[in-house]
Amino acid sequence: MELYLDTANIKLIKQMCEIYPISGITCNPSIVIKDNATIEEMCSLDERLKVCIQVIGETVEDMLVDADKILALRPNVIVKVPVTPVGYQVLHILSKKKVHTLATAIHNVAQALFAAQCGATYLAPYVNRICENDVDGVQTVIDMHHALLNQQSSTKIIAASFKNLYQVSTLLAAGVDAVTVSPELFNKWIDNQDTRLAVDKFTSDWQKAFNYKHL
Ligand code: G3P
């Protein structure tokens, strides 16, 4: 499993990646703005992290200019490209240049498979946004995963856009390669309230019996 944090909060990224085995960072232009970050700061993150930066251009030429900028800043950056008519062309061009890419804003299996056909390294289906269209987003991503396996594709899924851990758990249990989650959802992931209640009881029983909180 690979776990990515979907954020551009530089301070938080450095803090969390220091203490947990985080595989990488994803973001999109809205997140970069919300978290008051710069592309330069994102590209300066620890080299061991897989960092995914999204292009903003609307033409092939402008997307390639964006890609060149972030590749110059971080040679191992993963260039995030939306699956638009222009985006598919850019994925194909960057694939031929051996640039690692993340095809993003995917909402159905056909988009995912064509992005893989264009040479995308990774795919980012938007689980919860698919659900908002009254389509089972979790099952859609599982179908993508099975289709890629059937085609023996090397393209991997980094599922995105989650609103709860049930969605995350179901996809990971189905064998999906990676997920990217918001810091808020990651905190719910690692700080389960039922686990906390169980541990509090253990501690309370021990303290009542021995009047201290260590073995
Ligand atoms: O990277 C894409 C992801 O951030 C979208 O998530 O919650 O805005 O649907 P959300």
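**Strand S5 and helix H8**

Let's start in the interior: leaving out residues up to four places away in sequence, Thr 101 touches Ile 78, Val 79, Leu 91, Leu 94, Gly 119, Ala 120, Thr 121 and Tyr 122, a touch or contact being heavy atoms within 4.5 Å. This is a predicted model, where local features need pLDDT of at least 70 and side-chain atom pairs pLDDT 80 or more, while totals for chains, interfaces and linings use all residues. Residues are numbered from 1 along each chain as written, and side-chain values use heavy atoms, without hydrogens and water.

Thr 101 sits in strand S5. With a relative accessible area of 0%, Thr 101 is buried (under 20%; exposed is over 50%, partly exposed in between; 1.4 Å probe, protein chains only).

Two more residues of S5 are worth a look. Ala 103 belongs to this strand, and because its relative accessibility is 0%, Ala 103 counts as buried. Setting aside neighbours within four places in sequence, you will find Ala 103 in contact with Val 81, Val 83, Leu 91, Ala 115, Ala 120, Tyr 122, Leu 123 and Ala 124. If you would like a distance to check, take the C-alpha atoms of Ala 103 and Gly 87: they are 8.1 Å apart, although the two positions lie 16 residues apart along the chain.

Thr 104 is also part of strand S5. Its relative accessibility is 0%, so Thr 104 counts as buried. Again without residues up to four places away, Thr 104 touches Gln 54, Lys 80, Val 81, Pro 82, Val 83, Ala 124 and Tyr 126.

From S5 we can step to helix H8, since the buried residues of H8 pack against strand S5 (101–106). They also pack against helix H6 (109–117), strand S6 (122–125), helix H7 (127–131), strand S7 (156–159) and helix H9 (165–173). Which residues of H8 are buried? They are Gly 137, Val 138, Thr 140, Val 141, Ile 142, Met 144, His 145, Ala 147 and Leu 148. As background, an α-helix has 3.6 residues a turn, so residues three or four places apart point the same way.

H8 itself runs over residues 137–150, which makes 14 residues. From its first C-alpha to its last the helix reaches 20 Å, close to the 20 Å expected at 1.5 Å a residue (1.5 Å times one less than the number of residues). Both ends have something to show. At the N-terminal end, Asp 136 caps H8, with a side-chain oxygen 3.1 Å from the backbone nitrogen of Val 138. At the other side, H8 is followed by Gln 152, which has a positive phi, near 50°.

Now zoom out to the chain. Its secondary structure comes to 11 helices and 8 strands (DSSP runs numbered from the N terminus: H or I of at least four residues, E of at least two). The C-alpha trace spans about 70 × 35 × 30 Å along its principal axes. Of the 215 residues, 46% count as buried, with Thr 101 among the buried residues. Finally, what share of the contacts with a separation of 6 or more comes from residues 24 or more positions apart? Such pairs account for 56%.

Technical notes:
Polar contact = N/O pair within 3.5 Å; in protein donor to acceptor, adjacent residues only side chain to side chain.
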